[in-house]
Amino acid sequence: MAFKAMYGNAPTADLKADYQAAVKFGVFRIGKEALYFPAFPTGAKYVPLTALDGAWVQKSAMSPKGCCGGQIPVFVLHVRYGKEFYQNLTFEKEQEANRALDLLKERRPDLPGAPERAAGKNAI
């Protein structure tokens with residue numbers, strides 16, 4: 001299996017072993033060393049947990065039929081890295097999103113939550 005860093009330097013630990021032992025949430029995994037995403041055709045992309053700048057859960061909605069259909073409530077785990085990059089991980093259930101966030105914070109206790117909102121501006 002091939003691993004490719006999306007940001008940051010590779011952890012010193014064995015990524016294959018970390019990936020296999022990682023907790024799976026849908027299509028992504030949270031290991032002790034990195035956050036893993038599937039890569040086409042095989043392998044995984046990852047962001048080392050040491051590169052994460054913040055993580056928080058936010059309630060949102062998804063339109064399954066385009067702009068004019070009804071909306072489905074979802075919960076998004078926003079993960080920020082490199083001070084400007086984000087990965088948004090979508091969950092159907094709030095408890096699953098919070099479980100993933102709790103696991104990230106367990107493995108990175110110093111990980112900040114949502115960034116402060118700038119005066120009068122929307123920030124994610």
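In the predicted model, Ile30 stands opposite Leu35 of strand β4. This pairing belongs to the contact between strand β3 (residues 28–30) and strand β4 (residues 34–38), which run antiparallel and are joined by two bridges. Both strands are part of an open, mixed sheet of five strands, arranged in the order β1-β5-β4-β3-β2. The edges of this sheet are occupied by β1 (3–5) and β2 (23–25); each has a single partner strand, so one side of each is left without a neighbour in the sheet. On average, neighbouring strands are turned by 30° against each other, direction ignored. Helix α2 (residues 94–107) lies across β2 and β3, and its direction makes an angle of about 145° with β2.

A further set of pairings involves strands β6, β7 and β8. Strand β6 (residues 52–62) is joined to β7 by ten bridges, the two strands running antiparallel; within this pairing, Trp56 stands opposite His78 of β7. On β7, seven bridges lead to strand β8 (residues 85–91), again in antiparallel orientation, and Phe75 has Phe91 of β8 as its bridge partner. Three residues separate β7 from β8 in a hairpin, in whose turn Gly82 adopts a positive phi of about 65°. Of the ten residues of β7 (residues 72–81), eight are buried, so this strand is largely enclosed by the rest of the structure.

In soluble globular proteins, nonpolar side chains tend to be buried together. The largest nonpolar core of the model comprises 22 residues, with Leu77 and Leu104 having the most contacts inside it. At least two residues of this core are supplied by each of β3, β4, β6, β7, β8 and α2, and the largest share, five residues, comes from α2. Leu77 illustrates how these elements meet: beyond four places in sequence, this residue touches Ala55, Trp56, Val57, Gln87, Asn88, Leu89, Phe91, Ala100, Leu101 and Leu104. Apart from the largest core lies another core, of seven residues, which includes Leu15, Tyr19, Ala34 and Tyr46.

Twelve aromatic pairs are present in the structure. One of them, formed by Tyr19 and Tyr36, is edge-to-face, with the ring centres 5.2 Å apart and an angle of 85° between the planes. Because Tyr19 lies in helix α1 (residues 15–21) and Tyr36 in strand β4, this pair ties together parts that are 17 residues apart in sequence. Tyr19 counts as buried at 15% relative accessibility, and Tyr36 is likewise buried, with a relative accessible area of 1%. The planes of the Trp56 and Tyr86 rings stand at 85°, with a centre distance of 6.1 Å, so this pair is also edge-to-face. Since Trp56 lies in strand β6 and Tyr86 in strand β8, the pair ties together parts that are 30 residues apart in sequence. Trp56 is buried, with a relative accessible area of 9%, whereas Tyr86, at 30%, is partly exposed. Tyr19 and Tyr36 also belong to one aromatic cluster with Phe3 and Tyr46.

Regarding confidence, the protein chain has a mean pLDDT of 86, and 90% of its residues reach 70 or more. Over residues 118–124, pLDDT stays under 50, and the model has seven contacts for this segment beyond four places in sequence.

Definitions and conventions: Residues are numbered from 1 along each chain as its sequence is written. This is a predicted model: local features need pLDDT of at least 70, side-chain atom pairs count only at pLDDT 80 or more; totals for chains, interfaces and linings use all residues. Side-chain values use heavy atoms; hydrogens and water are left out. Two strands pair if DSSP finds at least two bridges between them. Helices (H or I, at least four residues) and strands (E, at least two) are DSSP runs, numbered from the N terminus. Axes are lines fitted to C-alpha atoms, for helices over the stretch in contact, and angles run from 0 to 180 degrees between N-to-C directions. Contact means heavy atoms within 4.5 Å. Buried means under 20% relative accessible area, exposed over 50%, partly exposed in between (1.4 Å probe, protein chains only). pLDDT is the predictor's confidence in each residue, from 0 to 100. A nonpolar core is a set of buried Ala, Val, Leu, Ile, Met, Phe, Trp, Tyr and Cys residues joined through side-chain atoms within 4.5 Å. Rings of Phe, Tyr and Trp (its six-membered ring) pair if their centres lie within 6.5 Å; planes under 30 degrees apart count as stacked, over 60 as edge-to-face and the rest as tilted.
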